[in-house]
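Hi everyone, thanks for coming. Have the sequence and the 3D view open, and let's walk through this one together.

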Amino acid sequence: QAWHGLVSMARFSAPALSPDGAWLAFLHCFNPTGRNPAAVGQLFVCRVDNSTLRQLSPGTAHRFPRFLPDGRHYTFASVPGSDGKTDTWIGELGSPKRTLAIRANTGAIFAAPGYMLFVRDQSLVAQPFSLARSRAEGEPVRIGDAPSNQNMLGSPAASASLPPGTLVYEVVAQLTELGIGQ
C-alpha cells in the first residue's frame, strides 16, 4: 500500500520492469519550486506485489532506470552537466553503491549479450561491456547515425529490450523513419 499514496499525488515516468517481473523501477517527478517538474525527480523501485517501496538513488537529477539481465542490477542516467555529457551509472538493489559505466552524449542502454548503446559524435555506437566488471571493454563500433529525437535529458538513444539481437532506434531521413536492425 505504500506506493499507492505516491502514485495518487505525483507524476511518474520511465517505468522499467525487472526481468523476473518482481520489481518496478520508475522516476518520481515533483515540483517543489514551480520549475518544470521533469527537472526534479528521484528514482524509486517497488515490488509488484506492493510489499516494498524504496528510493534507488539519493540524487534528484537521475533518469531512465533500466534493469540488467540479472534483475538485481540496474542502470540509470544523470541529467547532463555543464559539459553536456550524460553519465550512465550501474547500481544494485539494496545497496547505495553505484559505478560509472559510460559518459556520452546520451544515456546508455545495455543490449545482450554484452554491449552498451549510446550516442557519440553524432553516431549511435555499441561498446562491448562486461556486466561482471561493470565496465566498458574495447572500442565502440558505429551502428548508424544518431537518433534525431534526443530532446529528453539523458534519454537512451535506442531500445534493446526486444527479442535478443533486435535493436530499434529512430533515424533521420526526408521523413522520419523507424530503424529496426538485427
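Let's start with a pair of side chains: Ser78 and Trp89 make a polar contact through their side chains, at 2.8 Å. Please keep in mind that this is a predicted model. Where does Ser78 sit? You'll find Ser78 in strand 6, which covers residues 73-78. And is Ser78 buried or exposed? Its relative accessibility is 13%, and buried means under 20%, so Ser78 counts as buried. Apart from neighbours within four places in sequence, Ser78 is in contact with Ala61, His62, Thr86, Asp87 and Trp89.

Now stay on strand 6 and look at Tyr74. Again leaving out neighbours within four places, Tyr74 has contacts that include Leu56, Phe67, Trp89 and Leu93.

That takes us to the largest nonpolar core, with 15 residues. The members touching the most others are Trp23, Val45, Leu56, Phe67, Tyr74 and Leu93. Which elements give two or more residues to this core? They are strand 2 (23-29), strand 3 (41-47), strand 5 (62-67) and strand 6. Strand 2 provides the largest share, four residues. There is also a second, separate core of 11 residues, with Ala101, Phe110, Met116 and Phe118 among them.

Last, a word on confidence. The chain has a mean pLDDT of 76, and 68% of its residues reach 70 or more. Over residues 173-182, though, the pLDDT is below 50, and this stretch has 19 contacts in the model beyond near neighbours in sequence. Where pLDDT is low, the predicted coordinates should not be read in detail. Thanks, everyone!

Methods:
Residues numbered from 1 in each chain as written. Predicted model: local features only at pLDDT ≥ 70, side-chain atom pairs only at ≥ 80, totals over all residues. Heavy atoms only, no water. Buried < 20%, exposed > 50% of the residue type's maximum accessible area, 1.4 Å probe, protein only. Polar contact = N/O pair within 3.5 Å; in protein donor to acceptor, adjacent residues only side chain to side chain. Contact = heavy atoms within 4.5 Å. pLDDT = per-residue confidence, 0-100. Core = buried A, V, L, I, M, F, W, Y, C linked by side-chain atoms within 4.5 Å.
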